[in-house]
Amino acid sequence: MAGTGKRDAGWAVSRGVQVGFLVGLLVLWYVSTNYWGVSHLLLPEPVQVYWHFVDIIKTGEFLDDLNVTLSELAIAFTGSCTLGVTLGYLISRSPYAIRVFEPLFAGMYSVPIILFLPLYVLIFGLGPLSKIAIGGTISFFPIILSTIAGFGYVERTYIVSARSMGASDYQLFRYVLLPAALPVILTGMRMGFTVALLSIIGSETLASLAGLGHRIVHLAEGMDMARMFAYIAFVIAIAAFLNTVVSSLEARGRRR
Amino acid sequence: MAGWPRFKRYMLRHPGVARLGVVVAMFLLWEVAARWWIDPLFMSPPSSVTASLPEMFQIDGIPGALRITFWELAVAFAMSVVIGLVFGLSVGLPAFSRRSFMPIVLLLYGTPQVTILPLFILFFGIGPASKIAFGVSHGIFPIIVTIVAGVQNLKPILLTSAKSMGANRWQVFRYVIFPHMIPSFFTGMRLGMTGVLLGVLLAELYVSTAGIGYFTTLFTQNFEPDHLLGLISVLAAMAIVLNEMVRRAEIHFARWRD
């Protein structure tokens with residue numbers, strides 16, 4: 001009992017330190033903007049940021065930008081999932097194809113693909129198409145690599161035993177390959193989703209006409225700092241929410 | 001007629017040759033597509049990109065821009081490693097600070113940092129400083145996280161036996177913790193390099209007066225796909241070389257574990 005009591009105390013202290021750290025940061029922010037004369041053009045006043053945040057939520061002016069960003073994300077992610085899983089499955093059917101293509105995709109994945117954004121803008125324009133294309137390209141690689149890994153390295157014994165018990169192609173896929181590969185593919189999809197979201201917001205920041213990233217840049221260029229901070233907080237909250245949803249979906253899919 | 005089975009056997013034994021074939025085929029497709037199907041304003045074939053490379057290097061400011069970017073990458077990476085190492089050790093070694101601060105580090109690591117890119121420009125200006133700072137902000141977190149994970153995996157029995165044999169704190173660090181940390185440190189460096197590349201290039205593309213971002217915007221607006229593709233290829237080559245260096249180092253220093 002004494003042991004757990006001590007551990008609980010340690011846990012409580014850790015939590016206290018975490019909360020204290022965050023509260024201290026907020027207090028430092030408040031004091032530095034209100035009393036130490038840090039320019040409001042560099043760091044806006046936290047209370048003001050809070051009111052802007054409330055205002056953004058209340059007026060619902062974020063809806064248009066959110067709509068643009070989320071539809072870009074949805075199209076890009078659907079496209080890269082479809083293409084990545086299909087191609088990955090086809091490649092994984094032959095060990096030879098795995099040995100040919102897997103290092104190729106892994107090598108391409110190590111290049112920072114955001115470099116190609118200017119080219120995508122040149123080809124697809126400033127609109128949503130270039131964001132969809134860059135988000136799709138970037139999320140394609142983790143998805144196809146994990147699909148190849150998932151389908152390609154299923155324990156040989158399982159396949160042989162299922163075959164020897166007379167499983168058809170469909171049964172083999174449905175009851176052996178898919179359950180074995182699904183956890184790996186889901187992890188790849190989660191990684192793909194995260195990088196797609198990041199790269200779409202990033203490319204909206206770099207060159208775009210609409211979207212959440214564009215709104216932040218727009219406010220930054222207008223030096224409307226308090227509202228910009230509020231928008232940044234909003235986007236971070238949205239991203240955290242989406243990532244949590246995707247992670248929990250992944251966890252649920254793994255459990256089955 | 002006997003040639004075909006032998007060729008097939010050779011190909012089966014050397015997947016690398018087939019891979020090379022795929023790459024060559026992709027370049028050929030690109031060449032054909034860019035030559036005859038796509039508007040030359042938007043895309044140029046690889047042959048003319050290669051041919052225009054020397055001309056691109058003649059453009060005033062390009063060698064300087066490449067040098068600046070390389071320098072930014074190097075400084076950002078060095079700073080990430082040093083800061084990440086210090087933070088990683090001070091967060092990871094004492095159990096108390098690991099419990100307290102690790103969730104905060106993971107929270108920060110999980111936030112999409114591109115959203116605060118405009119802030120970096122406002123704080124650090126449009127020169128190299130903001131690119132380095134943004135690169136560091138992308139690079140340190142993977143390093144901290146992997147170092148903490150590496151320190152955490154340390155078997156307590158190793159620490160206990162070293163202490164019971166009379167090692168002092170420095171000796172414990174030097175002969176137990178440090179060698180144990182090396183593989184995860186290099187894994188962290190590889191991930192950190194990926195982050196630094198992403199951060200620096202993002203910031204470069206966002207705003208730049210003399211660096212790469214200036215020229216990519218210029219070439220895009222002037223519809224010069226030749227030069228744009230050439231510049232991107234040079235940068236991609238730079239990224240591949242840097243990544244590969246760190247990856248080789250990782251493999252080299254992780255050997256003792258096996």
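The following exchange concerns a predicted model of a complex.

Biologist: Which elements of chain B have the lowest and the highest mean pLDDT?

Modeller: For chain B as a whole the mean pLDDT is 82, and 97% of its residues reach 70 or more. The predictor also gives the complex an ipTM of 0.78 and a pTM of 0.81. Among the elements of chain B, the lowest mean, 77, belongs to helix 1 (residues 3–13) of chain B, and the highest, 88, to helix 7 (residues 128–152) of chain B.

Biologist: Which helix of chain B gives the most residues to the side that touches chain A?

Modeller: The contact joins 39 residues of chain B to 38 residues of chain A. Helix 2 (15–37), helix 5 (95–110), helix 6 (117–124), helix 9, helix 10 and helix 11 (225–253) of chain B each supply at least two residues to that side of chain B. With nine residues, the one that gives the most is helix 11 of chain B.

Biologist: How many residues on the side of chain B that touches chain A are nonpolar, polar and charged?

Modeller: That side of chain B comprises the 39 residues in contact with chain A. Divided by class, the residues are 30 nonpolar, seven polar and two charged.

Biologist: Is helix 9 of chain B parallel or oblique to helix 10 of chain B?

Modeller: Helix 9 (residues 169–206) and helix 10 (residues 212–221) of chain B pack with their axes 7 Å apart and at an angle of about 50°. An angle from 35 to 65 degrees falls outside the parallel and perpendicular ranges, and therefore helix 9 of chain B is classed relative to helix 10 of chain B as oblique.

Biologist: Which residues make the contact of helix 9 with helix 10 of chain B?

Modeller: The crossing of these two helices of chain B is right-handed. The residues of their contact divide into three nonpolar, two polar and one charged. Helix 9 of chain B contributes B:Glu204, B:Leu205 and B:Tyr206, and helix 10 of chain B contributes B:Ile212, B:Gly213 and B:Thr216.

Biologist: How do the residues of the contact of helix 4 with helix 10 of chain B divide into nonpolar, polar and charged?

Modeller: The axes of helix 4 (residues 62–92) of chain B and helix 10 of chain B come within 8 Å and cross at roughly 130°, which makes the two helices oblique. B:Ile62, B:Ala65 and B:Thr69 of helix 4 of chain B meet B:Ile212, B:Tyr214 and B:Phe215 of helix 10 of chain B. The division is five nonpolar, one polar and no charged.

Biologist: Which helices of chain B help to cover the buried residues of helix 5 of chain A?

Modeller: Six of the eight residues of helix 5 (residues 117–124) of chain A are buried, namely A:Leu117, A:Pro118, A:Leu119, A:Tyr120, A:Val121 and A:Leu122. From chain A, the cover includes helix 6 (128–152) and helix 8. From chain B, it includes helix 9, helix 10 and helix 11.

Biologist: Which helices of chain A help to cover the buried residues of helix 6 of chain B?

Modeller: The buried residues in helix 6 of chain B are B:Leu117, B:Pro118, B:Leu119, B:Phe120 and B:Ile121. Their cover includes helix 7 and helix 9 of chain B and, from chain A, helix 8 (169–206) and helix 9 (212–221).

Biologist: Is A:Gly88 buried or exposed?

Modeller: A:Gly88 is in helix 3 (residues 62–92) of chain A. Beyond its neighbours within four places in sequence, A:Gly88 is in contact with A:Ile144, A:Thr147, A:Ile148 and A:Phe151. Because 27 other C-beta atoms lie within 10 Å and 20 or more suffice, A:Gly88 is buried.

Definitions and conventions. Residues numbered from 1 in each chain as written. Chains lettered and ligands numbered in written order. Predicted model: local features only at pLDDT ≥ 70, side-chain atom pairs only at ≥ 80, totals over all residues. pLDDT = per-residue confidence, 0-100. Helix = DSSP H or I, 4+ residues; strand = E, 2+ residues; numbered from the N terminus. Axes fitted to C-alpha atoms, helices over the stretch in contact; angles between N-to-C directions. Parallel < 35°, antiparallel > 145°, perpendicular 65-115°, else oblique. Left-handed = near helix turned anticlockwise from the far one by under 90°. Contact = placed C-beta atoms within 7 Å. Nonpolar A, V, L, I, M, F, W, Y, C, P; charged D, E, K, R; others polar. Buried ≥ 20, exposed ≤ 12 C-beta atoms within 10 Å, placed from the backbone.
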